[in-house]
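Subject: Handover of a structure for your review

Dear colleague,

Please find the structure below, together with an account of what was found in it. I would be grateful if you could read the two side by side.

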There are 2 protein chains.
Amino acid sequence: MEQEQILKTYNLTDDEHRLSEMMKALGHPARMQIIRYLTDHPQCITGDIVDVLPLAQATVSQHLKVLRDAGLICGTIEGTATCYCLCSESVDWFKAQIGDLF
Amino acid sequence: MEQEQILKTYNLTDDEHRLSEMMKALGHPARMQIIRYLTDHPQCITGDIVDVLPLAQATVSQHLKVLRDAGLICGTIEGTATCYCLCSESVDWFKAQIGDLF
DNA sequence: TCCTTTTATCGTAAAATTACGATTATGGAA
DNA sequence: TTCCATAATCGTAATTTTACGATAAAAGGA
């Protein structure tokens with residue numbers, strides 16, 4: 001479903017929709033584990049995360065994409081590897097929105 | 001997938017799993033709208049929520065169940081209606097966990 | 001009792017997500 | 001250049017979620 005369609009159908013603000021997308025991204029155990037790993041290991045490459053998760057490389061890559069699309073993490077290409085870290089700006093925004101919501 | 005299996009497979013703590021379940025519940029625009037409505041209207045019945053959402057009664061009831069199962073809301077039967085409200089205890093726990101996670 | 005109101009649940013079709021192997025693309029080393 | 005390492009993407013099967021109409025259940029009024 002298109003974002004514009006969701007906003008119209010469900011009568012959400014842009015912020016509420018973005019927040020919901022972040023929640024959805026965090027609402028899977030594998031992605032929760034990735035986030036926890038990144039908080040514990042501020043700089044790491046895809047391979048490190050693949051080693052920790054009980055999933056195939058392709059699946060982990062797919063989960064990383066979901067987290068990237070939600071804006072929660074960002075990956076910078078370093079040679080042949082990709083270095084991932086939490087996007088602190090988004091995390092701060094997320095926390096602020098939670099405070100507003102409830 | 002069973003909860004026990006998820007904990008084992010993904011190597012999450014009970015708290016992390018519960019948090020992930022709450023995130024998942026909030027990760028749908030309809031349920032986000034329900035939560036927002038409940039914060040704006042602390043006491044209301046199912047029918048009020050059905051009137052606000054662009055979804056069939058059965059679908060709304062299903063979404064309410066997801067939020068109930070996640071512990072985010074609770075419904076008390078009042079005669080022939082059900083009165084819903086946010087579970088402030090769970091909301092507080094949720095906010096605290098977010099603070100811990102990041 | 002019988003009807004109405006209210007809401008949950010059932011059954012099910014359609015859509016989305018998840019997981020994996022295979023493939024592709026890119027950068028660096030030999 | 002050729003090979004290897006790293007990681008993203010493709011194609012696809014299996015599972016889960018979402019949405020709805022129909023049905024059930026329970027309380028209250030006529």
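The surface near DNA strand C is made up of 23 residues, and K24(A), H63(A), Y10(B), S61(B) and Y84(B) come nearest to the strand. Of the atoms of DNA strand C that come within 4 Å of the protein, 69% belong to sugar and phosphate. Please note that the model is a predicted one.

Both protein chains contribute to the surroundings of DNA strand C. At least two residues each come from α5 (57-69) of chain A and, in chain B, from α4 (46-52), α5 (57-69) and β3 (81-86). Sorted by class, the surface near DNA strand C holds nine nonpolar, eleven polar and three charged residues.

Some individual atom pairs at DNA strand C deserve mention. On the side of the bases, an N or O atom in the side chain of Q62(A) is 2.9 Å from a base nitrogen of the strand. Q57(B) likewise has a side-chain N or O atom 2.8 Å from a base nitrogen of DNA strand C. On the side of the backbone, a phosphate oxygen of DNA strand C lies 3.4 Å from a backbone N or O atom of T82(B).

I turn next to the other strand. DNA strand D is surrounded by 23 residues, with Y10(A), Q57(A), Y84(A), K24(B) and H63(B) the closest. Sugar and phosphate make up 67% of the atoms of DNA strand D that come within 4 Å of the protein. The elements that each supply at least two residues to this surface are α4 (46-52), α5 and β3 (81-86) of chain A, along with α5 of chain B. The class division for DNA strand D is nine nonpolar, eleven polar and three charged residues.

Three residues of chain B may be noted for their pairs with phosphate oxygens of DNA strand D. A polar backbone atom of M1(B) is 3.1 Å from one such oxygen, and a backbone N or O atom of A56(B) lies 2.8 Å from a phosphate oxygen. In T59(B), a polar side-chain atom lies 3.1 Å from a phosphate oxygen of DNA strand D.

Is T46(B) buried or exposed? This residue sits in helix α4 of chain B. T46(B) counts as buried because its relative accessibility is 17%, and the cut-off for buried is under 20%. Leaving aside residues up to four places away in sequence, T46(B) touches L64(B), T82(B) and Y84(B).

Finally, the contact between the protein chains involves 29 residues from chain B and 29 residues from chain A. Y10(B), M32(B) and F102(B) are the residues of chain B that lose the most area to chain A, and together they account for 25% of what that side buries. The area buried between the two chains is about 2,900 Å², with carbon and sulfur atoms giving 73% of it.

Two salt bridges are counted between chain B and chain A. In one of them, the side chains of E16(A) and R36(B) meet at 2.7 Å, N to O. Ten residue pairs are in polar contact across this interface. On the side of chain B that touches chain A, α1 (3-10), α2 (14-26), α3 (29-40) and α6 (88-101) each supply at least two residues. Of these, α3(B) gives the most, with seven residues. By class, that side of chain B divides into 18 nonpolar, seven polar and four charged residues.

With kind regards

Methods. Residues numbered from 1 in each chain as written. Chains lettered and ligands numbered in written order. Predicted model: local features only at pLDDT ≥ 70, side-chain atom pairs only at ≥ 80, totals over all residues. Heavy atoms only, no water. Near = heavy atom within 4 Å. Polar contact = N/O pair within 3.5 Å; in protein donor to acceptor, adjacent residues only side chain to side chain. Helix = DSSP H or I, 4+ residues; strand = E, 2+ residues; numbered from the N terminus. Nonpolar A, V, L, I, M, F, W, Y, C, P; charged D, E, K, R; others polar. Buried < 20%, exposed > 50% of the residue type's maximum accessible area, 1.4 Å probe, protein only. Contact = heavy atoms within 4.5 Å. Buried area = accessible area lost by both parts, 1.4 Å probe. Salt bridge = Lys/Arg side-chain N within 4 Å of Asp/Glu carboxyl O.
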